[in-house]
Amino acid sequence: MMAIPMTMTGYFTQVLAVADAEVQKLRHDPWELVSRAIQPILWLVLFGGVMAQVRGLSPSGEPYLDFLAPGILAQSVLFVAIFYGISAIWERDLGVLHRYMVSPAPRSALVSGKALSSSIRGLSQALVIYVCAAIMGVDLSFAPGNIAAAVLLIGLGSGLFATFSLIIACIVKTRERFMGIGQVLTMPIFFASNAIYPIDLMPRWLKAVSSLNPLTYEVDGLRAVMLRGGVSAYGLGYDLLALAAVLTLLIAIATRMYPRMTQ
Amino acid sequence: MSTTDQLRPSSAGKPPAVVQTFELTCRFGAVTAVDSVSLSIEAGEIFGLIGPNGAGKSTLIKMLTTLLPPTSGGAVVAGFDLATHPADIRRHIGYVPQLLSADGELTGYENLLLSYRLYLLPHAERDTRIAAALAMMGLSDVRDRLVRNYSGGMIRRLEIAQSTLHRPAIIFMDEPTEGLDPTGRHAVWKHIRDLRRELGTAVVVTTHYMDEADQLCDRVSLISAGRIQTVGTPAELKALIGPDATLDDVFEKLTGATIATEGEYGEVRQTRRAAREHT
């Protein structure tokens, strides 16, 4: 067989091949999506229901549930993506990863494919949460431009945290250790962000931490595009750029570390 | 570091070697898993790497399939230097790992489709080539069934089908019949022979079953403690010992141990894990 020159088209074929396998798995077992939607709904109904009584939590006086919905959407996508490393370790233990690694696909294409897989999972989950939020009376915007921006934000955010998780998996290497670390990571990422309260309420040091947290930019962007008349504190373009830059950096790191998993 | 120059002159006049290693060595901390292995595997032959668990077979395969960089020494695989052209090697080899690696959450067809696309094979021939690979391994009827419902033998055959899609010059199979019942094992042997006959692919199998080596392989190499003890056809090796000798007898004679008891089970793997955790 002739060596096939590495073209951009070929690269995308390989990225999509990895992501497509994820779509096929979701099609075979769609119930997983439904079960994963339960937790965010509980957050909206229970947490949102109580906290709506507290004044001053939403900065511009909109209903707290409207303020909360983008945060909970980003949070639920984060909680799934941050455990992506478990499935990477699982794939290594099963030998599935060895097949990827002996294929001629560049390692960065494999990592990007995995990030895209996580984006697809995140987006399918976001769909469920959109429906629930609409039923609960959140003032959602369905303008095509806003939907497109939300897809980008959720896709970037989900891919970003999954790639971060993949890097952690390359370091800790076993499922048991990963479980412990995953739990430790989700709390600060979630609470040191603007997901459930405005950054203005935070002490100065936490503000600084939260401004380095990618979740903050994902939520900020989502507040602007999910809600009718929503506004972003940093600007949508800045949010997207920040997420894309961090994702690119993490993919570059994961590309170097991923092959170590099969050694 | 290039070994190509050192290796090419010595292979002049012989049938083309599809694998040639030159003092290939791999150490994990204080343990030498593969120790100065130099061997040559010819195009189209079924070559057995025989030895007990922990002898270094899997480590050798991992180096030859570019998964693990050697500590020292080198190899030329499918005409490319391991040190300088790992991506080219990956394009021309197949690999069936020791674990049952097909994805259980996908159907048989979807597993092959994933590989087909990762290898960037021509789109126009996709359906015919996947169908042919499934037919050759006797899996046409179950192509749309989820792999988690396959038997162990069926998963193995699916993985072999998958490893043939890009028509590699050589396929490495690590313990291909481990954990299979006798029927499953014989089916896998038959399919490996068919594969060689129909595609002319060289096949390297590792095994610790002597009957497998005896019946399946054209040539075998006995490995113990990371070193090649001897190489030859099963008949040649048995003739070294005597008229009624088995490969077990040969192994015992050469290493002073039997294949069942030689080496601590999984010792190398444990040492490797320890070494990994400390880095």
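Both faces of strand 7 of chain B are covered. I93(B) and Y95(B) are buried on one side, G94(B) and V96(B) on the other. Buried here means that 20 or more other C-beta atoms lie within 10 Å of the residue's own; 12 or fewer makes a residue exposed, and anything in between is partly exposed, with C-beta atoms placed from the backbone. In a regular strand, side chains alternate between the two faces of the sheet.

This is a predicted model, in which local features need pLDDT of at least 70 and side-chain atom pairs count only at pLDDT 80 or more, while totals for chains, interfaces and linings use all residues. Residues are numbered from 1 along each chain as its sequence is written, and chains are lettered from A and ligands numbered from 1 in the order in which they are written.

Start with chain B as a whole. Chain B holds eleven helices and eleven strands. These are DSSP runs numbered from the N terminus: helices are H or I with at least four residues, strands are E with at least two. Of the 279 residues in chain B, 49% are buried. Take the contacts in chain B with a separation of 6 or more: 70% of them come from residues 24 or more positions apart. A contact requires C-beta atoms, placed from the backbone, within 7 Å.

Now the sheet around strand 7. Six strands of chain B form an open sheet in the order 7-8-9-4-10-11, with mixed pairing. Pairing requires at least two DSSP bridges between two strands. Strand 7 (93-96) and strand 11 (227-232) of chain B are the edges; each has a single partner strand, so one side of each lacks a neighbour in the sheet. Neighbouring strands are turned by 15° against each other on average, direction ignored.

At one edge, strand 7 of chain B runs parallel to strand 8 (residues 170-174) of chain B, joined by four bridges. G94(B) stands opposite I171(B), and V96(B) stands opposite M173(B). Helix 6 (residues 152-164) of chain B lies across both strands, at about 165° to strand 7. Such angles run from 0 to 180 degrees between N-to-C directions; axes are lines fitted to C-alpha atoms, for helices over the stretch in contact.

At the other edge, strand 10 and strand 11 of chain B pair in the antiparallel sense over five bridges. S221(B) has V231(B) in strand 11 as its bridge partner. The two strands form a hairpin with two residues between them, and A225(B) in the turn has a positive phi of about 50°. Helix 10 (residues 247-255) of chain B touches strand 10 (219-224) and strand 11, and its direction makes about 40° with that of strand 10.

Most residues other than glycine have a negative phi. Two further residues of chain B depart from that sign. A78(B) has a positive phi of about 55° although it is not a glycine. A78(B) sits in the loop between strand 5 (72-77) and strand 6 (80-81) of chain B. With 19 other C-beta atoms within 10 Å, A78(B) is partly exposed. L120(B), also not a glycine, has a positive phi of about 55°. L120(B) belongs to the loop between helix 4 and helix 5 of chain B. L120(B) counts as buried, with 22 C-beta neighbours inside 10 Å.

Follow that loop into helix 5 (residues 126-136) of chain B, where I130(B), A133(B) and L134(B) are buried. Seen down the axis, the buried residues fall within an arc of 100°, so they line one face of the helix. The arc is taken over the directions from the helix axis to the C-beta atoms. These buried residues pack against helix 4 (108-118) and helix 6 of chain B. Just after helix 5, G138(B) takes a positive phi of about 70°.

Turn to chain A. The axes of helix 1 and helix 6 (residues 107-135) of chain A come within 8 Å and cross at roughly 40°. Residues that meet there include V15(A), V18(A) and L26(A) in helix 1 and L110(A), L116(A) and I120(A) in helix 6.

Finally, the two chains meet. In this interface, 24 residues of chain A are in contact with 28 residues of chain B. Helix 1 (8-28) and helix 5 (96-102) of chain A are the elements giving two or more residues to chain A's side. The largest share, eight residues, comes from helix 1 of chain A.

How values were computed:
Two residues are in contact if their C-beta atoms, placed from the backbone, lie within 7 Å.
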